[in-house]
Amino acid sequence: MKSAFPDITRIAYEGAQSKNPLSFKHYNAAEVVEGKTMHEHLRFAVVYWHTFRGTGSDPFGAGTMQRPWDDGSNSVVNAQNRARVAFEFIQKLGAPYYCWHDRDVAPEGATLAESNKNFDAVAKVLKEEQKRTGVKLLWGTANLFSNPRYVHGASTSCNADVFAYAAAQVKKAMEVTHELGGEGYTFWGGREGYQTLLNTDMKREQEHLARFLHLAVDYKKKIGFKGQFYIEPKPKEPTKHQYDSDAAACLNFLREFDLLPHFKLNIETNHATLAGHTVQHELETAGAAGALGSIDANTGDELLGWDTDQFPTNIYLTAYTMLSVLKYGGFTTGGVNFDAKVRRESFEPVDLFHAHIGGMDAFARGLKLAAAIRKDGRLAAFVADRYASWDKGIGAKIESGKATMKELETYILKKGEAAANTSGRQEFLENLINEFI
Ligand code: XUL
Ligand code: CO
């Protein structure tokens, strides 16, 4: 096949002094940080949907992307060619993983049977290309939101047939993920939510969502798929409220319906922002529950209130993200998946390289900064010291569950007043972080 990027060779690490825009300044795959290579820490993944299917269209105008390899048709042959281009791109970039929705990789047919046939035909090429390049599937997922049948949701639709259709689609997507050696499978709530409560039986819809996920857990066992299941929180867009609204809501839902042992969370930066949280908040919420699985790395725009899915270039963002990731032991099954798209105005193929190189370099810097902050130890020591009253005396007694209300009353009556508080030192700590950045 003709090269889609003939002028671009494998992107190399050239170091911070390089002026070559098509090189890594910070991402040095083999460099060891905290005992693991950057490659092992970051586990970068390229998304099929934005990178190979994004057209650049918006509500005000048509697509702008120049993709000369794509004949614009909905044919299987075009999809197979596109798959080969995708692997040329991912290999030249040096990302070890990719991710897809079923409908990104293969065209939807007139019937489920036809869609499955198309999917198999493209999966065959994906498998060949994975073998040829060594690029692996981080996770697969099913698109349960684009087709008009999902207008009222998929598993939370008021229409039971739609639930059945969605289940059939997920069954197939899981099989193909398994066939391609996928290391995970993601459930993002698509349209699982509501536009108005006037027409919504929320309790019933949430029970249906739980039923759906239990069916997937059962089917996973049946086919022997060992990959990790993820839930990806997002509070709104496309619906006004989505049931997987944030990490805490997901954890509560998973616990309520006995699903927590089977799922981890896939935290997306821009979704955290939409939920009114920072991504660190979401990572810490997931991490504290032992459910931090993977991240969809991107960023929003401070002045735009929607899911702009931009490539992350902010070093503070990546440093804080990696501080939380390292704190919870790093990625095992998950990775840094760029659920991000080039801007509508960045329509040339080379922009796909600039975007991913920038994201990878930003995360490599974030990783190095987080490791340096951890090695320095002052931040962790400050936090440990801040909670020192819990390590001994009355604090230790409360934590161990041995203190009663009565005892606490006696303790305070005797003491008269609580020990003096000390400063939270926020500004000092912000300055400390700036020593590294
Ligand atoms: C949507 C989103 C999805 C999921 C996969 O906002 O993030 O692309 O990552 O369905
Ligand atoms: Co995402």
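These are legends for a handful of close-up views of a predicted model.

**View 1. The cobalt ion (ligand 2) and the residues that hold on to it.** Four residues coordinate the cobalt ion (ligand 2): E232 and E268 through OE atoms, D296 and D339 through OD atoms. The coordination distances run from 1.9 to 2.2 Å. Count donor atoms rather than residues and you get 6 around the cobalt ion (ligand 2). Their angles span 78 to 174 degrees, which makes the arrangement octahedral.

**View 2. Where the cobalt donors sit along the chain.** Reading along the sequence, the donor residues of the cobalt ion (ligand 2) follow the spacing E-x35-E-x27-D-x42-D. E232 belongs to strand β10 (residues 228-232), while D296 belongs to strand β13 (residues 292-296), so this pair ties together parts that are 64 residues apart in sequence. Both E232 and D296 are buried.

**View 3. The largest nonpolar core, with Y98, W100 and L126 picked out.** This core has 102 residues, and these three, Y98, W100 and L126, touch the most other members. Helix α12 (residues 349-376) supplies the largest share of the core, namely 11 residues.

**View 4. A second core, separate from the largest one.** Here we have 8 residues, among them Y97, C99, L138 and Y230.

**View 5. A cis peptide bond between E237 and P238.** If you're checking backbone torsions, this is one to look at: omega is about 10 degrees for the bond joining E237 and P238. As for where to find P238, go to the loop between β10 and β11 (241-242).

**View 6. D309, a non-glycine residue with positive phi.** The phi angle of D309 comes out near 50 degrees. D309 sits in the loop between β13 and α11 (315-327). With a relative accessible area of 6%, D309 counts as buried, because the cut-off for that label is under 20%.

**View 7. R425, another loop residue with positive phi.** R425 isn't a glycine either, and its phi is near 55 degrees. The loop in question runs between α15 (405-415) and α16 (426-436). The relative accessible area of R425 is 44%, so R425 is partly exposed: that label covers values between the 20% limit for buried and the 50% limit for exposed.

Definitions and conventions: Residues are numbered from 1 along each chain as its sequence is written. Chains are lettered from A and ligands numbered from 1 in the order in which they are written. This is a predicted model: local features need pLDDT of at least 70, side-chain atom pairs count only at pLDDT 80 or more; totals for chains, interfaces and linings use all residues. Side-chain values use heavy atoms; hydrogens and water are left out. A nonpolar core is a set of buried Ala, Val, Leu, Ile, Met, Phe, Trp, Tyr and Cys residues joined through side-chain atoms within 4.5 Å. Buried means under 20% relative accessible area, exposed over 50%, partly exposed in between (1.4 Å probe, protein chains only). Helices (H or I, at least four residues) and strands (E, at least two) are DSSP runs, numbered from the N terminus. Donors are N, O and S atoms within 2.8 Å of the metal (3.2 Å for Na, K and Ca); water is not among the atoms, so sites may look incomplete. Four donors count as tetrahedral if all angles lie between 85 and 135 degrees; four count as square planar and six as octahedral if opposite donors are over 155 degrees apart and all others between 65 and 115; anything else is irregular.
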